[in-house]
Amino acid sequence: MPRYPEHLTGEGPINPFPGIKVLERRLGQKIPHQLGSNEGLDMPHQALRAHFGDALAEHVYGYGDAEALGVRQRLSAQQGIPLEHLLVDAGADSLIALAVRTTCEPGVTVIATAGTYPTFGYFAKGAGCRLVEPAYHEAPGVLAPDLEALAAAAHRENARLVYLANPDNPSGHLHSDRAILELREALPDTCWLLLDEAYSDFRDDAPSEFTAKALPGVIRLRTLSKAHGLAGLRIGYAIAEPTVLAMMMKVRIHYAVSTLTLAAAEVVLDHSDEVRQHIKDVKARREQLSRHFHALGADVLPSATNFVGIRLPSADVAGAVHQQLLEEGVLVARLAHPALSNVIRITAVADALVPGRLATLEQAIQAPS
Ligand SMILES: Cc1ncc(COP(=O)(O)O)c(C=O)c1O
């Protein structure tokens, strides 16, 4: 079994404020007279109402549902994930931090690919963990987290946790469900797999029997920041076995997801046709961008996300392109990690397809080397 920090394995800590929404559910009835909590329940909110309208003001008075039941019910119904396998928090980033807090204590070793989504390493180091970073597997047309290297490092380093983004950011690479299961098999029993599926909505492969499953020893994270367009409101969810989620709930910041965010997420989830259309449009733009840069002779990385990675001949070329575009008022992503400093990442928004918008990049691709 993967390990928890010793300080969490006994009784408690016990959340002192499960919240009124949870209490009402336990009692099976509404509590109309709320005289025991100290929010500004009688604030008139004239300014807020004038600025945003009454609908917003109605959502801001009290703390949100710490169990996010409405959002979890919708996710469960739409994706077939059992309700008790879902935990909602303030975005995938927050869930990464929560997963680290739940599974690691200072001094333990964690593993992540050198150059992958850097927030994991940032949070892990901030929690006092030792970060070991195996290299990507690189080949013509391939930039992929090296699953064998991750498993080998986990054994060699007696790791507490392995982080894998699948699909990966910034490469866009997707490992199959089979490969993920084999990775889980290959890891030490005592090691967690933190599987960041922030881009899972943009996968092209058909859902498998594992898509909606909590896997033993695995904490899966997803977000409503991307396919649902709610990054600014901060909401995401974890899929894991109930015992794991119970442990996460012990150390979770219980009101991290605001009432407004919960309400907005419910509205968006209730309009899944709009989400589906958005995903379809993003994928079409992603393919258009890929084709365009392929035709120019670029090393375009296959992507199962909402962006396209382009590997340039050197870090210097990528740096110059990045800087020049910035001076033109165009921000593309260039990763800070030295292992991937020759990769430019372009998000598949309509603006990226405006003719001439990325002319500087096009010229760098076509320049004789
Ligand atoms: C791999 C990965 N994980 C997590 C996140 C953060 O998502 P959220 O906005 O839900 O915190 C991102 C955002 O770019 C990401 O690329």
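**Notebook: loops, helices, strands and the ligand shell**

I began with proline 13, which I found in the loop between helix 1 (6-9) and helix 2 (20-27). I note at the outset that I am reading a predicted model. The peptide bond that leads from glycine 12 into proline 13 is cis, and its omega is near 0 degrees. I then looked up another cis peptide bond, the one joining asparagine 166 and proline 167, where omega is about -5 degrees. Proline 167 also sits in a loop, namely the one between strand 6 (161-165) and helix 9 (177-186). I wrote these bonds down because most peptide bonds are trans, just as most residues other than glycine have a negative phi.

*Positive phi values.* With that in mind I turned to histidine 45, which is not a glycine and yet has a positive phi, near 60 degrees. Histidine 45 belongs to the loop between helix 2 and helix 3 (46-52). Is histidine 45 buried or exposed? I have to enter it as partly exposed, because it has 17 C-beta neighbours inside 10 Å, and a buried residue would need 20 or more. Alanine 68 likewise has a positive phi, of about 45 degrees, without being a glycine, and its place is the loop between helix 4 (54-57) and helix 5 (69-79). Alanine 68 has 23 C-beta neighbours inside 10 Å and therefore counts as buried.

*Helix 8.* I next listed the buried residues of helix 8 (residues 147-156), which are Leu147, Leu150, Ala151 and Ala154. They lie on the same side of helix 8, because the arc they cover around the axis is only 95 degrees. The spacing is what I would expect, since an α-helix has 3.6 residues a turn and residues three or four places apart therefore point the same way. On the other side of helix 8 I found Glu148 and Arg156 exposed. Among the elements that cover the buried residues of helix 8 are strand 2 (109-112), strand 6 and helix 9. Just after helix 8, I also recorded a positive phi of about 50 degrees at asparagine 158.

*Helix 11.* In helix 11 (residues 259-269) I marked Thr261, Leu262, Ala264, Ala265 and Val268 as buried. Seen down the axis, the buried residues of helix 11 fall within an arc of 165 degrees, so they line one face of the helix. Their cover includes helix 5 and helix 12 (272-295).

*Strand 11.* How many of the five residues of strand 11 (residues 307-311) are buried? I entered four, so strand 11 is largely enclosed by the rest of the structure. Strand 11 pairs with strand 10 (residues 299-301) in the antiparallel sense over three bridges, and the two form a hairpin with five residues between them. Strand 11 also pairs in the antiparallel sense with strand 13 (residues 343-347), over five bridges. I followed arginine 311 in particular, which is the bridge partner of aspartate 299 and is also bridged to valine 343 in strand 13.

*The ligand.* Last, I looked at the shell around the ligand, where the residues are Gly91, Ala92, Asp93, Tyr117, Ala165, Asn169, Asp196, Ala198, Thr223, Ser225, Ala231 and Gly236. Which element gives the most to this shell? I found that helix 6 (residues 91-103) does, with three residues. By kind, I sorted the residues of the shell into five nonpolar, five polar and two charged.

Notes: Residues numbered from 1 in each chain as written. Predicted model: local features only at pLDDT ≥ 70, side-chain atom pairs only at ≥ 80, totals over all residues. Near = placed C-beta within 6 Å. Nonpolar A, V, L, I, M, F, W, Y, C, P; charged D, E, K, R; others polar. Buried ≥ 20, exposed ≤ 12 C-beta atoms within 10 Å, placed from the backbone. Arc of directions from axis to C-beta. Contact = placed C-beta atoms within 7 Å. Pairing = 2+ DSSP bridges.
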